[in-house]
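Hi,

Here is the structure I promised to pass on. Have a look at it first, and then read my notes below.

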Amino acid sequence: MPLHPDVERVALLGWCLYPCSTESRAGMFKGAHNEATCDLNQLARWTQEYSRCNWRVVFGRSGLWGLDIDIPGAGHAHDGISALAELVKIHGPIPPRPQARSGGGGLGLFFRHQGEHLIGESNRPAPGIDPRRGAQSQTIPPSVHISTRRPYRWLSPPWEISPPVGPAWLIKLLTPPPEVPWRN
């Protein structure tokens with residue numbers, strides 16, 4: 001089975017991928033997350049071995065950070081798309097960026113990481129918005145959603161639009177507060 005063109009395209013951009021289950025977000029083998037690569041030969045071997053797998057991108061190793069935007073349903077309680085629209089209305093636009101629609105209807109937004117120290121906790125900066133960075137990963141096309149079985153698809157593929165630097169207002173909302181020195 002040949003390497004899927006979308007997998008090849010993102011790997012050529014330096015996005016580090018690993019194969020994962022279509023039933024969960026677990027890697028197809030122990031330690032898959034740590035073995036994420038953009039090496040086309042290894043990705044082709046995994047494609048042969050795990051012909052019906054999903055694919056996940058590891059953010060930090062790929063020089064990326066992102067937002068996983070949920071919609072109600074498919075296991076999610078909050079409307080992250082509406083929450084993000086409200087934040088944009090208050091703070092300003094988000095630059096054009098690679099963007100994927102999950103098979104559950106949510107969105108994946110991808111930004112270039114420039115060393116910003118970002119919080120990676122769910123529902124931050126608003127319910128239904130989950131920032132991803134560092135060792136965290138996200139499912140990308142040509143995967144299928146684990147519960148709906150519908151395919152992920154690129155709305156703005158990264159080979160057509162490069163990941164931009166995130167807007168300053170969004171980075172500020174995702175920056176952890178400064179640590180307060182401990183005093184006796």
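The lining of the second largest pocket breaks down into nine nonpolar residues, six polar ones and one charged one. By the way, this is a predicted model, so keep that in mind as you read. The pocket's lining has 16 residues, and those nearest the centre are Ser-51, Arg-52, Cys-53, Trp-55 and Pro-142. How much space lies in this second largest pocket? About 220 Å³.

There is enclosed space to look at as well. Rolling a probe the size of a water molecule over the atoms shows where empty space is left. For this structure, one cavity of 30 Å³ or more turns up, and the largest cavity holds about 50 Å³ of space. Which residues line the largest cavity? They are Cys-20, Ser-21, Ser-24, Arg-25, Asn-54, Thr-139, Val-144, His-145, Ile-146 and Tyr-152. Sorted by type, that lining gives four nonpolar, five polar and one charged.

Cys-20 from that list also belongs to strand S1, which covers residues 16-20. Is S1 mostly covered or mostly open? Mostly covered: five of its five residues are buried. Try turning the model to see both faces of S1: Cys-16, Tyr-18 and Cys-20 sit on one side, Leu-17 and Pro-19 on the other, and all of them are buried.

S1 has a partner, too. Strand S2 (residues 54-58) runs antiparallel to S1, and five bridges join the two. If you want one pair to find on screen, pick Leu-17, whose bridge partner in S2 is Val-57.

Now for the open sheet. Five strands make it up, in the order S6-S3-S5-S4-S8, with antiparallel pairing. Its edges are S6 (129-132) and S8 (153-156), each of which pairs on one side only. Going from one strand to the next, the twist averages 25 degrees.

At the S6 end, strand S3 (residues 64-69) pairs with S6 over four bridges, again in the antiparallel sense. Asp-68 is a good place to look: its bridge partner in S6 is Asp-130. Helix H3 (residues 80-91) packs on this sheet, where it touches S3, S4 (99-101), S5 (107-112) and S6. Which way does H3 point compared with S6? The direction of H3 makes about 80 degrees with that of S6.

Happy exploring!

Conventions: Residues numbered from 1 in each chain as written. Predicted model: local features only at pLDDT ≥ 70, side-chain atom pairs only at ≥ 80, totals over all residues. Heavy atoms only, no water. Buried < 20%, exposed > 50% of the residue type's maximum accessible area, 1.4 Å probe, protein only. Pairing = 2+ DSSP bridges. Axes fitted to C-alpha atoms, helices over the stretch in contact; angles between N-to-C directions. Contact = heavy atoms within 4.5 Å. 1 Å grid on protein atoms, 1.4 Å probe; cavity = no way out; pocket = protein on both sides within 12 Å on 5 of 7 lines; lining within 4 Å. Points joined across faces, edges and corners; volume = space filled by probe spheres on them. Nonpolar A, V, L, I, M, F, W, Y, C, P; charged D, E, K, R; others polar.
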